[in-house]
Amino acid sequence: MPHDHHGHSHVHLDPSSGDRRVAIAIWANGLLTVAQILGGIFAGSLALIADALHNFSDMAALVIAFAARKIARRPADERMTFGYGRIETVAALINYTTLIVIGLYLIYEGAMRLFEPPEVQGWTVVIIAGLALVVDALTAALTYSMQKGSQNIRALFLHNLSDALASVAVIIGGTLIILYDMRWVDPAITIGIALYILYLAFAEIGGPIRTLMLGSPPDIDGRDVVALLRQTDGVRDVHHVHLWQMEENAPALDAHAVIEDTAWDRLEQIKAELKARIGAEFGINHSTLEFERNGACDAAAPLFGHDDASGDDAHSHGQADNA
């Protein structure tokens, strides 16, 4: 029996929601990058300059996310018949990949500095890291309410959340340097932060990859969809089922339904019922259904996906309809 999927969130962001917040975050991170570079030069701290490069990557991530949201609103055209919504998924993949690269780089730098801890002016580190914490926390707060319905913004939110935690760790490290001259704490904390960044990135990067690979929505079991289709009165069987996400929170279905000979005169009614049921049960509001007479299809047709031998033949037997 199909599971109840009404509890799953199919949130769609208001097209204009959050643009101002993202723009503010871009400017804040840009100013922070400049401040950290100047502070690093003044304090002779390579750590602060490295953190400035980290924040510069955040600003780049913000710009990518902002541009992706703008592009995603374009309507479908002859070049992009599904529209531009997936650009946000591409942006999320870029941001998570960037996080992984940064995490690996920080581990390398931290390991090198464990052997030769550099001289660091603790007070400058604490002050600049405190400024960074304020900006990172502000950016995370600005994007928090937006990240629940968007892979793109979620990647952005995690990016800045990790930065805020990193700033806390740097403040602690700077304080220990001031009080006890424990210079090894700075690279040790860096490695810990990097491991956490890698954990976040690897935990989340699967979502965008799954979407871009046309994987089925993670909260929908394809077998449940098949069971619901088969249980509909007048439907004898289904095959060539494709279940994917046009973009995040927009599941889609393509399937061939074999109709009982006695039910062929009720085709429009069956079609309407199928679309209503998959919409109500699974949130699938875009579907392409092809109907075939019993006996007209290849008995060996696969349940999921197409094969080259039967794909073209199957399409010649039925009637297709788009939601």
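**Exercise 1. Determine which residues Leu-93 touches, leaving aside residues up to four places away in sequence, and place Leu-93 in the fold.**

Solution. Leaving aside residues up to four places away in sequence, the contacts of Leu-93 are Ile-205, Pro-208, Ile-209 and Leu-212. The model examined here, in this exercise and in those that follow, is a predicted one. Turning to secondary structure, Leu-93 belongs to helix H3, which covers residues 87–115. The next step concerns Gly-206, whose C-alpha is 8.9 Å from that of Leu-93 although 113 residues separate the two in sequence. Finally, Leu-93 is classed as partly exposed because its relative accessibility is 24%, and that class lies between the cut-offs of 20% and 50%.

**Exercise 2. Decide whether Asn-95 is buried or exposed, and state its distance from Ala-201.**

Solution. Asn-95 is also found in helix H3. Its relative accessibility is 1%, and therefore Asn-95 counts as buried, the cut-off being under 20%. Between the C-alpha atoms of Asn-95 and Ala-201 there are 8.8 Å in space, while the two residues stand 106 apart in sequence. Ala-201 is itself one of the buried residues of helix H6.

**Exercise 3. Compare the reach of helix H6 with its expected span, and list its buried residues.**

Solution. Helix H6 runs over residues 185–204, which is 20 residues, and from its first C-alpha to its last it reaches 29 Å. At 1.5 Å a residue the expected value is 28 Å, and the reach of H6 is close to it. The buried residues of H6 are Val-185, Asp-186, Pro-187, Ile-189, Thr-190, Ile-191, Ile-193, Ala-194, Ile-197, Leu-198, Leu-200 and Ala-201.

**Exercise 4. Describe how strands E1 and E2 are arranged with respect to each other.**

Solution. Strand E1 (residues 235–247) pairs with strand E2 (residues 250–259) in the antiparallel sense, and the pairing comprises 9 bridges. Within this pairing, Val-238 of E1 is opposite Ala-257 in E2. The two strands form a hairpin that leaves 2 residues between them, and in the turn Asn-249 has a positive phi of about 70°.

**Exercise 5. Identify the members of the largest nonpolar core that touch the most other members, and trace which elements contribute to that core.**

Solution. The largest nonpolar core has 22 residues, among which Val-225, Leu-229, Leu-253, Ile-259 and Ile-284 touch the most other members. Two or more residues come from each of helix H8 (222–231), E1, E2, helix H9 (267–282) and strand E3 (286–293), and the largest share, 5 residues, is that of H9. Leu-253 illustrates the reach of a core member, since its contacts, not counting residues up to four places away in sequence, include Val-225, Leu-229, Trp-244, Ile-278, Ile-284 and Leu-289. Separate from this core is a second one of 21 residues, including Leu-106, Phe-157, Ala-166 and Leu-198.

**Exercise 6. Classify Lys-275 by accessibility and find the polar partner of its side chain.**

Solution. Lys-275 is placed in helix H9. With a relative accessible area of 19%, Lys-275 is buried, given that the cut-off is under 20%. Its side chain is joined to that of Ser-287 by a polar contact of 2.7 Å.

**Exercise 7. Summarize the protein as a whole in terms of its elements, burial and contacts.**

Solution. The protein has 10 helices and 4 strands, which follow one another along the sequence as α-α-α-α-α-α-α-α-β-β-α-β-α-β. Of its 323 residues, 49% are buried. When contacts between residues at least 6 apart in sequence are considered, 78% of them join residues at least 24 apart. The exposed area is about 15,800 Å², of which carbon and sulfur atoms supply 63%.

Key
Residues are numbered from 1 along each chain as its sequence is written. This is a predicted model: local features need pLDDT of at least 70, side-chain atom pairs count only at pLDDT 80 or more; totals for chains, interfaces and linings use all residues. Side-chain values use heavy atoms; hydrogens and water are left out. Two strands pair if DSSP finds at least two bridges between them. A nonpolar core is a set of buried Ala, Val, Leu, Ile, Met, Phe, Trp, Tyr and Cys residues joined through side-chain atoms within 4.5 Å. Buried means under 20% relative accessible area, exposed over 50%, partly exposed in between (1.4 Å probe, protein chains only). Contact means heavy atoms within 4.5 Å. Accessible areas come from the Shrake-Rupley method with a 1.4 Å probe; for residues, only the protein chains shown count as cover. A polar contact is a pair of N or O atoms within 3.5 Å; within protein, one must be able to donate a hydrogen and the other to accept it, and residues adjacent in sequence count only if both atoms are side-chain atoms. The expected span of a helix is 1.5 Å times one less than its number of residues.
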